Amino acid sequence: MSRSKIKSILDHQATDYPASVKGWVRSFRNNQFIALNDGSCQANLQVVIGLETDESIVKRITAGAAIAAHGNIVASLGKGQRVELKADSIEILGDCDGEQYPLQLKNRPSLEYLREIAHLRFRTNTFSAVFRVRHALAFAIHQFFNERGFVYLHTPVITASDAEGAGEMFRVTTLPFDGTPRNEQGAVAFSEDFFGRATNLTVSGQLEAELGAMALGEVYTFGPTFRAENSNTARHLAEFWMIEPEVAFADIHDNMNLAEDFVRYLIRYALEHCTEDLNFLAQRLADEEKNKPQQERSGMGLLEKLTSVAENSFERITYTEAIGILLASPAFKKKKFQYEVKWGIDLQSEHERYLVEKHFGKPVIVRDYPKEIKAFYMRQNEDGKTVAAMDILAPGIGEIVGGSQREERLDKLSQRMEEMHVPHEELYWYLDTRRFGTAPHAGFGLGFERMVQFVTGMGNIRDVIPFPRTPKNAEF
Ligand code: 4AD
Ligand code: MG
């Protein structure tokens with residue numbers, strides 16, 4: 001008999017039919033009741049084994065073991081489940097050494113501990129929920145753009161350019177570390193490297209996406225990005241996934257509209273398609289909140305927060321207004337901010353959180369930032385001081401989206417590149433789009449893991465990517 005997924009058995013109203021299931025034992029009690037999980041959903045299927053089951057098999061049914069069970073789906077007499085599998089036979093597919101199995105623990109293991117056994121943490125309710133939600137969001141992203149006629153563009157992972165100009169790149173090379181070839185000036189001879197030049201892992205697919213948008217009109221990328229920034233925070237990864245749409249004939253306002261629609265669409269999608277997992281994660285978060293001191297608790301539950309973000313429009317303010325709000329805030333007057341507040345600063349996490357969580361109580365889109373703190377490609381505003389940049393700040397996360405209208409005017413772009421020491425010869429191909437039929441365009445980047453954090457309520461970004469890459473950590 002072919003294998004049924006537990007989800008389809010539990011979703012089904014029918015009873016009294018034969019079925020075979022395969023999965024991993026979550027628990028086994030009274031030598032009779034197996035809670036079986038196959039990853040297709042959060043709920044376990046109760047498998048009831050017959051009293052005549054061979055002793056040698058019963059002994060091997062331990063938490064973590066992989067088994068197959070064959071029998072009949074019947075209405076359950078016990079509490080807690082509508083149906084159960086009355087097993088005629090059990091096959092042990094893979095034994096699990098109970099002495100060594102780290103998830104045997106009776107107490108709920110901490111997230112920190114589970115990070116150390118990330119190869120096994122998928123087997124917990126929390127992580128299977130997180131990764132099913134992550135999958136659903138990835139799917140919804142493609143659906144969102146496909147519905148709107150965007151072309152999915154695969155931009156390169158290996159590149160010679162530094163799109164963000166922040167110099168936080170991982171080098172890609174096949175040159176030897178001992179006896180590295182040198183040129184006449186004594187510098188590393190990258191001409192002898194694999195690509196005949198210095199290359200690195202991409203920090204963003206944006207520049208290449210812009211090239212695509214200048215012909216295909218509306219494109220998006222969705223791929224891994226790499227940043228060698230030494231940030232050991234709950235919001236930073238050295239390898240993360242980013243979604244970067246790029247739209248021709250769009251300005252900063254079109255860009256904000258698209259980004260807001262996109263974020264709210266993803267949340268609605270998760271609320272509609274991940275109900276069971278989100279209910280579980282909401283409960284997990286509520287339990288976690290109970291252990292926090294009163295003043296650190298957030299008033300809203302996860303589902304309330306998501307519903308509220310999905311249903312209400314975001315606040316939109318300029319950077320200058322944001323600084324004004326911060327300077328007028330009780331927090332500023334009581335010297336509660338650790339970092340300085342004045343026009344020109346890069347907003348720190350404490351400032352972003354104040355605006356979003358305390359002042360507005362909803363996501364905020366901040367636009368028109370000082371040009372000094374933003375990348376070379378952003379369109380310069382008439383005031384000569386700001387650029388048409390926009391960031392979306394989300395409660396509990398801070399910056400979740402960063403984007404801008406792009407500088408499409410060749411003279412302005414060249415001038416800004418010079419001022420910021422971005423070499424023209426390395427980006428001639430980028431400048432070419434401004435020579436050959438340039439057009440206004442705009443785009444943004446959504447940090448996928450930050451989005452997954454927001455939707456799942458997970459506090460640490462390392463817990464929403466299967467195998468996190470952070471400074472001094474590339475295990476698994
Ligand atoms: O603001 P960023 O640096 O913008 C760009 O890379 C632009 N090229 C995007 C564009 O306009 N096409 O990054 C965009 C988003 C941030 O808002 C954040 O959500 C996420 O990427 N992000 C990170 N996520 C995890 N770990 C990191 N180290 C991240 N750095 C940025
Ligand atoms: Mg940014």
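Accessible areas are obtained with the Shrake-Rupley method and a 1.4 Å probe, and for residues only the protein chains shown count as cover. The model is predicted, so local features need pLDDT of at least 70 and side-chain atom pairs count only at pLDDT 80 or more, while totals for chains, interfaces and linings use all residues. Residues are numbered from 1 along each chain as its sequence is written, chains are lettered from A and ligands numbered from 1 in the order in which they are written, and side-chain values use heavy atoms, with hydrogens and water left out.

**Exercise 1. Describe the protein chain as a whole.**

Solution.
- Step 1, surface: the protein chain exposes about 23400 Å², of which carbon and sulfur atoms supply 51%.
- Step 2, burial: 49% of the 476 residues count as buried. Buried means under 20% relative accessible area and exposed over 50%, with partly exposed in between (1.4 Å probe, protein chains only).
- Step 3, secondary structure: there are 14 helices and 16 strands in the protein chain. Helices (H or I, at least four residues) and strands (E, at least two) are DSSP runs, numbered from the N terminus.
- Step 4, extent: along the principal axes, the C-alpha atoms fill a box of roughly 85 × 60 × 45 Å.
- Step 5, contacts: of the contacts between residues at least 6 apart in sequence, 68% join residues at least 24 apart. Contact means heavy atoms within 4.5 Å.

**Exercise 2. Determine how helix 9 and helix 11 are arranged and which residues join them.**

Solution.
- Step 1, parameters: two packed helices are described by the angle between their axes and the distance between the axes.
- Step 2, values: the axes of helix 9 (residues 319-327) and helix 11 (residues 349-360) come within 11 Å and cross at roughly 75°. Axes are lines fitted to C-alpha atoms, for helices over the stretch in contact, and angles run from 0 to 180 degrees between N-to-C directions.
- Step 3, orientation: helix 9 is therefore roughly perpendicular to helix 11. Angles of 65 to 115 degrees count as roughly perpendicular, under 35 as roughly parallel, over 145 as roughly antiparallel and the rest as oblique.
- Step 4, residues: helix 9 contributes Ala322, Ile325 and Leu326, and helix 11 contributes His351, Tyr354, Leu355, His359 and Phe360.
- Step 5, chemistry: the contact of helix 9 with helix 11 has 6 nonpolar, 2 polar and no charged residues. Ala, Val, Leu, Ile, Met, Phe, Trp, Tyr, Cys and Pro count as nonpolar, Asp, Glu, Lys and Arg as charged, and the others, Gly among them, as polar.

**Exercise 3. Establish the strand order of the sheet that contains strand 7, and identify its edges.**

Solution.
- Step 1, order: 3 strands form an open sheet in the order 7-9-8, with antiparallel pairing. Two strands pair if DSSP finds at least two bridges between them.
- Step 2, edges: strand 7 (158-159) and strand 8 (171-172) each have a single partner strand, so one side of each is left without a neighbour in the sheet.
- Step 3, register: 2 bridges join strand 7 to strand 9 (residues 199-201), and Ile158 stands opposite Leu201 in strand 9.

**Exercise 4. Locate the buried residues of helix 5 and their packing partners.**

Solution.
- Step 1, burial: Gln206, Leu207, Glu208, Ala209, Glu210, Gly212 and Ala213 are buried in helix 5 (residues 206-216).
- Step 2, partners: these buried residues pack against strand 7, strand 10 (218-226), strand 11 (239-248), helix 13 (428-435) and strand 16 (441-447).
- Step 3, end of the helix: Gly217, with a positive phi near 85°, follows helix 5.

**Exercise 5. Contrast the settings of Phe249 and Asp368, given their phi values.**

Solution.
- Step 1, Phe249: this residue is not a glycine, yet has a positive phi of about 65°. Phe249 lies in the loop between strand 11 and helix 6 (252-273) and is exposed, at 67% relative accessible area.
- Step 2, Asp368: phi is near 60°, again positive in a residue other than glycine. Asp368 belongs to strand 13 (residues 364-370) and is buried, at 18% relative accessible area.

**Exercise 6. Give the surroundings of Pro468 and Gly403.**

Solution.
- Step 1, Pro468: the residue sits in the segment after helix 14 (448-456) and counts as buried at 7% relative accessibility. Beyond its neighbours within four places in sequence, Pro468 contacts Arg121, Leu237, Arg462 and Asn473. The C-alpha atoms of Pro468 and Glu239 are separated by 7.4 Å, although the two are 229 residues apart along the chain.
- Step 2, Gly403: strand 15 (residues 398-405) holds Gly403, which is buried at 6% relative accessible area. Leaving aside neighbours within four places in sequence, its contacts include Asn255, Met378 and Phe444.
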